[in-house]
Every structure is written in C-alpha cells, then in structure tokens.
Amino acid sequence: KIEAGAMLNSNTVTVNWKTIEEAGASFYEVERSTNGTGFAKAGSYIIASGNSFFEKQYSFQDDITSVQHNGTLYYRVKLYDKIGGFKYSNVAAVKLKSTGIKIWPNPFAEILQVSITSQSAGKVDLRISDAAGRVVITQQQKVSAGMNQLTVSGLSRLTKGTYIVEVINQSDNSRTAYKLTKE
C-alpha cells in the first residue's frame, strides 16, 4: 500500500509518500491532474528501494510556476514493479490560492478601494458586516483574469465603529475577511 500526501509552499508542491513494505518494486512516477480524473507524469522517475520489509519514505517536488490553473491540483503516485505491473496510491489534493486581495484605507470614511488579483474571470461578492454580525452592504462585482481595482462607495452613512469586509470568490467559494474601522 502506498500512502501519499501533498503540500503547497509558494510555487512548489511537495508530494510525500510512504510504503510499509516493498516487494519487487522498480520505480515510482508522480502524476498530476487539474480535474482529478485525467493524470499525466509530473516529473522524473524516482527509483524504489526494491525489496524492504519496513517503512520507506519518498518525496518529490513539483514546480507549478508554469501550471496555468486555478483551484485544485491532484496528485497520485504510480509504483512500477520489476515485471512491468503497476499500482496507484491514493489521490492527494492541493488547493491553489486563487486571488490576492488588498483593501484600503483603514480606517475608512466614505470609500474603500479593493484590489483583487484573480487567476481567472468570474464574480466576487463583497459583504460588509457590522460588529453585531449584521450585513450592512452587499455588492457583486465581475472580475477579469489579472489585476482588478474595485471601489466601494457610499460608506459615509455607516456609523463609526468596527466592520468586517468579506470577499467571496464565486469561482472557488474561497472567503477572505478583513477587520476595518470606520472613522
């Protein structure tokens, strides 16, 4: 049995896997998928230890800089044995960060500027809630792939205090929240 896991750090996904024992193992191949069904080789072959009766751990680093994808990447490990057979590990998923978001000024008076860097076109919901959790403003905005600059105006009618500004990306349902002060 092959147990696999994957972790994202910046533009590199580290795929780790372990085997409890190996009998006639030849090499491993790490495969990547953008949809969880169609897999392709992600890099070079990793030589197996061959025959062992104790736990062995392996690691592979996948540079995803050139992968133009938004959402989730899926990985699995394929073990080839010395007689040409193979078997697969479980599938491990890595969720990619889809947007970069900045909101200013803080504290604010009449308007908020929202900068959203998005990997793909879609829609975002902007929701402003007061300290009691009541939603006081909701807006839906279209965003295009790349840098987007949005303005939320008409905030002078809000009372002074603390507000939570939430940005919900409709394409992957990710949520980013900011605590801001109205002056």
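Trainee: Let's start with isoleucine 46: is this residue buried or exposed?

Mentor: This is a predicted model, where local features need pLDDT of at least 70 and side-chain atom pairs count only at pLDDT 80 or more, while totals for chains, interfaces and linings use all residues. Residues are numbered from 1 along each chain as its sequence is written, and side-chain values use heavy atoms, with hydrogens and water left out. Isoleucine 46 sits in strand β5 (residues 46-47); strands are DSSP E runs of at least two residues and helices are H or I runs of at least four, numbered from the N terminus. The cut-offs are under 20% relative accessible area for buried, over 50% for exposed and partly exposed in between, with a 1.4 Å probe and protein chains only, so at 15% isoleucine 46 is buried.

Trainee: Which residues is isoleucine 46 in contact with, leaving aside neighbours within four places in sequence?

Mentor: Contact means heavy atoms within 4.5 Å. With those neighbours set aside, the list for isoleucine 46 is Trp17, Phe27, Tyr28, Val30, Tyr58 and Phe60.

Trainee: And serine 66, is that one buried or exposed?

Mentor: Serine 66 lies in the loop between β6 (56-63) and β7. Its relative accessibility is 64%, so serine 66 counts as exposed.

Trainee: How many helices and strands does the protein chain have, and why is it said to be more spread out than a compact globule?

Mentor: The count for the protein chain is zero helices and 16 strands. The globule rule, 2.2 Å times the number of residues to the power 0.38, gives 16 Å for 183 residues. The chain is more spread out than a compact globule because its radius of gyration, taken over C-alpha atoms, is well over that, at 23 Å.

Trainee: What box do the C-alpha atoms fill?

Mentor: For a feel of the span, take isoleucine 46 and valine 135: they are 89 residues apart in sequence, and their C-alpha atoms are 53 Å apart in space. Along the principal axes, the C-alpha atoms of the protein chain fill a box of roughly 75 × 30 × 20 Å.

Trainee: Which residues stand opposite isoleucine 128 in β13 and β15?

Mentor: Strands pair if DSSP finds at least two bridges between them. Strand β12 (residues 122-130) runs antiparallel to β13 (residues 135-143), joined by eight bridges, and antiparallel to β15 (residues 161-169), joined by seven. The partner of isoleucine 128 in β15 is valine 165, and the residue opposite in β13 is isoleucine 137.

Trainee: Which residue in the turn of the β12 and β13 hairpin has a positive phi?

Mentor: Most residues other than glycine have a negative phi. Four residues lie between the two strands of this hairpin, and the one with a positive phi, about 90°, is glycine 133.

Trainee: In strand β9, which side chains point to one face and are buried?

Mentor: In a regular strand the side chains alternate between the two faces of the sheet. Strand β9 (residues 92-95) alternates too, with Ala93 and Lys95 pointing to the face where they are not buried. β9 runs antiparallel to β7 (residues 72-81), with four bridges between them, and lysine 95 has threonine 72 opposite. The buried pair in β9 is Ala92 and Val94.

Trainee: Which residues does the cis peptide bond with omega near -5° join?

Mentor: Most peptide bonds are trans. In the loop between β10 (99-104) and β11 (112-118) sits proline 105, and proline 107 is in the loop between β10 and β11 as well. The bond from asparagine 106 to proline 107 is cis with omega near 5°, while the cis bond near -5° runs from tryptophan 104 to proline 105.
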